[in-house]
Amino acid sequence: MTVVVELKTVDDTHEFGRRLAGVLRAGDLVLLSGPLGAGKTALTQGVGAALGVRGDITSPTFVIARVHRPDPARGGTVALVHADAYRLGESVDPRAEIDDLDLDASVDEAVTVVEWGEGMVEQLVDAHLRVRIDRRDDDTRVVTLEPVGGDWAQRVATLD
């Protein structure tokens with residue numbers, strides 16, 4: 001079951017990220033794809049806000065990965081690992097670079113969101129959610145959620 005949602009503004013993208021966080025739990029892997037400027041980090045900001053994590057959610061392009069610990073004062077109970085594999089695809093074996101990030105060490109206890117990670121991180125878990133974000137000329141974002149295995153189809157169905 002694929003779910004497609006249209007989001008008119010960046011605020012709508014943040015809010016949808018909050019809604020998405022409502023179906024996420026520790027051990028989840030979310031793969032974000034889409035062109036530069038589509039709203040991948042904006043969506044993750046909404047997820048982080050709803051999860052109640054510490055720190056500002058910014059693009060991890062240059063640091064590759066950030067771990068945002070839960071903030072109990074904000075109701076946080078699970079960490080958010082936010083990674084960006086955009087610059088990793090240039091090596092002979094980008095999966096080896098992903099291994100160097102040691103994402104599998106935290107994947108069971110955190111929500112892991114990876115931008116540009118398709119074809120590189122799926123092996124970390126048995127099931128995951130693919131999220132494709134495209135941006136139209138009028139700045140509307142078209143978000144396509146594609147569940148892969150597990151109970152993702154049931155969870156995603158609540159978001160349409």
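**Note on helix α2 and the cavity beside it**

1. In this predicted model, the buried residues of α2 are covered by a set of elements that includes α1, β2, β4 (79-84), β5 (110-115) and β6 (128-135). Nine of the twelve residues of α2 are buried, so the helix is largely enclosed by the rest of the structure. The buried positions are Lys40, Thr41, Ala42, Leu43, Thr44, Gly46, Val47, Gly48 and Leu51, a list that takes in a lysine and two glycines as well as leucines and a valine.

2. As to its geometry, α2 has twelve residues and reaches 17 Å from its first C-alpha to its last, which is close to the 16 Å expected at 1.5 Å a residue. The helix is followed by Gly52, a residue whose phi is positive, near 70°.

3. One contact between α1 and the residues of α2 can be followed through His14, which lies in helix α1. With a relative accessibility of 18%, His14 counts as buried, because the cut-off for that class is under 20%. When its neighbours within four places in sequence are left aside, His14 is in contact with Ala42, Gln45 and Gly46; of these partners, Ala42 and Gly46 are themselves among the buried residues of α2.

4. A search of the whole structure for cavities of 30 Å³ or more finds one, and its volume is about 30 Å³. The residues that line this cavity are Leu20, Leu24, Val30, Leu32, Leu43, Thr44, Val47 and Val113. The elements that give two or more residues to the lining are β2 (29-33) and α2 (40-51), and α2 gives the most, with three residues.

5. By class, the lining of the cavity has seven nonpolar residues, one polar residue and no charged residues. Leu43, Thr44 and Val47 belong to this lining, and these three residues also appear among the buried residues of α2, which ties the account of the cavity to that of the helix.

6. On confidence, the protein chain averages a pLDDT of 84, and 79% of the residues score at least 70. Among the elements of the chain, helix α1 (residues 10-21) has the highest mean pLDDT, 97, whereas helix α3 (residues 94-101) has the lowest, 49. Where pLDDT is low, the predicted coordinates should not be read in detail. The contacts described above for His14 involve a residue of α1, the helix with the highest mean value.

Technical notes. Residues numbered from 1 in each chain as written. Predicted model: local features only at pLDDT ≥ 70, side-chain atom pairs only at ≥ 80, totals over all residues. Heavy atoms only, no water. 1 Å grid on protein atoms, 1.4 Å probe; cavity = no way out; pocket = protein on both sides within 12 Å on 5 of 7 lines; lining within 4 Å. Points joined across faces, edges and corners; volume = space filled by probe spheres on them. Helix = DSSP H or I, 4+ residues; strand = E, 2+ residues; numbered from the N terminus. Nonpolar A, V, L, I, M, F, W, Y, C, P; charged D, E, K, R; others polar. pLDDT = per-residue confidence, 0-100. Expected span 1.5 Å × (residues − 1). Buried < 20%, exposed > 50% of the residue type's maximum accessible area, 1.4 Å probe, protein only. Contact = heavy atoms within 4.5 Å.
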